[in-house]
Amino acid sequence: MALNDQFRKPSGWMGRWLLRNMNKRHSGVTDWGLSHITIPRDGAILDVGCGGGRTIAKLVSASGSGQVFGLDHSADSVRLAAKTNAATIRTGRVEIIQGSVSQLPYASDIFDLVAAVETIYFWPDLPADVREIWRVVKPGGSLAVICEVYKGAPAAMSKMVEKHASKTGMRVLAPEELRTLLQDAGFVEVEVFTDAPKGWVCATGLKPLRAA
Ligand SMILES: C[S@@+](CC[C@H](N)C(=O)[O-])C[C@H]1O[C@@H](n2cnc3c(N)ncnc32)[C@H](O)[C@@H]1O
């Protein structure tokens with residue numbers, strides 16, 4: 001399996017190695033991204049494309065008494081995320097399941113916050129998948145999309161990923177494309193933050209209390 005396919009859907013020993021590595025490597029961009037949103041003290045949070053589960057653990061620590069859900073389409077991601085969060089799964093604060101962002105196995109209007117870290121590059125139908133997230137976010141709740149590369153960033157890593165995007169199939173968006181993506185799905189008060197030297201981007205949006 002090509003390396004890029006391992007990021008898309010980690011599996012086997014190589015996938016497990018990458019997931020452990022990403023748990024460490026994505027920690028900085030995740031903390032930076034999460035600093036742009038208010039993490040609800042209670043209520044429900046979903047981490048879509050949760051990988052090895054480090055973001056779930058961060059959300060548990062930051063959210064007081066809230067419940068945190070994780071979802072990933074890779075069985076190996078779900079297994080490692082469950083291991084990473086074994087203690088909080090036992091106490092009932094965390095629940096992690098296998099599934100696709102394209103068809104979230106949750107009722108509508110239930111999450112106060114949905115986070116998507118380093119995963120949107122791989123989603124099969126970005127506009128429809130963000131609309132699917134919009135469906136499960138509570139009115140008044142929010143979405144945070146966090147990526148360590150964006151189109152047009154001066155950072156070496158962004159340039160490299162962008163250059164090879166046509167071969168790898170990774171979808172790397174510019175900040176304004178991210179803004180449009182969230183707005184078109186129905187999110188309002190969309191804000192896009194960047195750290196240009198690092199190539200990091202975080203887009204946040206709110207589901208209005210009353211849909212337009
Ligand atoms: C590059 S990893 C990032 C994992 C984790 N969020 C992190 O920051 O370390 C991308 C993750 O998104 C998951 N993923 C990709 N496409 C998905 C989809 N369509 N539905 C659910 N999960 C998906 C992959 O299985 C993988 O675990």
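In this predicted model, the largest nonpolar core comprises 60 residues, and those with the most contacts inside it are Ile-45, Val-114, Ala-115 and Val-145. Beyond its neighbours within four places in sequence, Ile-45 contacts Pro-40, Leu-59, Ser-63, Gly-66, Val-68, Phe-69, Phe-111, Asp-112, Leu-113 and Ala-115.

The strands form an open sheet of 7 members in the order E3-E2-E1-E4-E5-E7-E6, in which the pairing is mixed. Strand E3 (94–98) and strand E6 (188–195) are the edge strands, each of them pairing on one side only, and the twist from one strand to the next averages 15°. At the E3 edge, strand E2 (residues 67–72) runs parallel to E3 and is joined to it by 5 bridges, with Gly-70 standing opposite Ile-96 of E3. Helix H5 (residues 75–84) packs on the sheet, where it touches E2 and E3, and its direction makes about 165° with that of E3. Towards the other edge strand, helix H10 (residues 175–185) lies across strand E5 (137–147), E6 and strand E7 (200–206), running at about 155° to E6.

Positive phi values occur in two glutamates, Glu-118, with phi near 55°, and Glu-189, with phi of about 50°. Glu-118 is placed in the loop between strand E4 (111–117) and helix H7 (126–136), whereas Glu-189 belongs to strand E6. Glu-118 is classed as buried because 21 other C-beta atoms lie within 10 Å, where 20 or more are required; Glu-189, by contrast, is exposed, since it has 12 other C-beta atoms within 10 Å.

Terms used
Residues numbered from 1 in each chain as written. Predicted model: local features only at pLDDT ≥ 70, side-chain atom pairs only at ≥ 80, totals over all residues. Pairing = 2+ DSSP bridges. Helix = DSSP H or I, 4+ residues; strand = E, 2+ residues; numbered from the N terminus. Axes fitted to C-alpha atoms, helices over the stretch in contact; angles between N-to-C directions. Contact = placed C-beta atoms within 7 Å. Core = buried A, V, L, I, M, F, W, Y, C linked by C-beta atoms within 7 Å.
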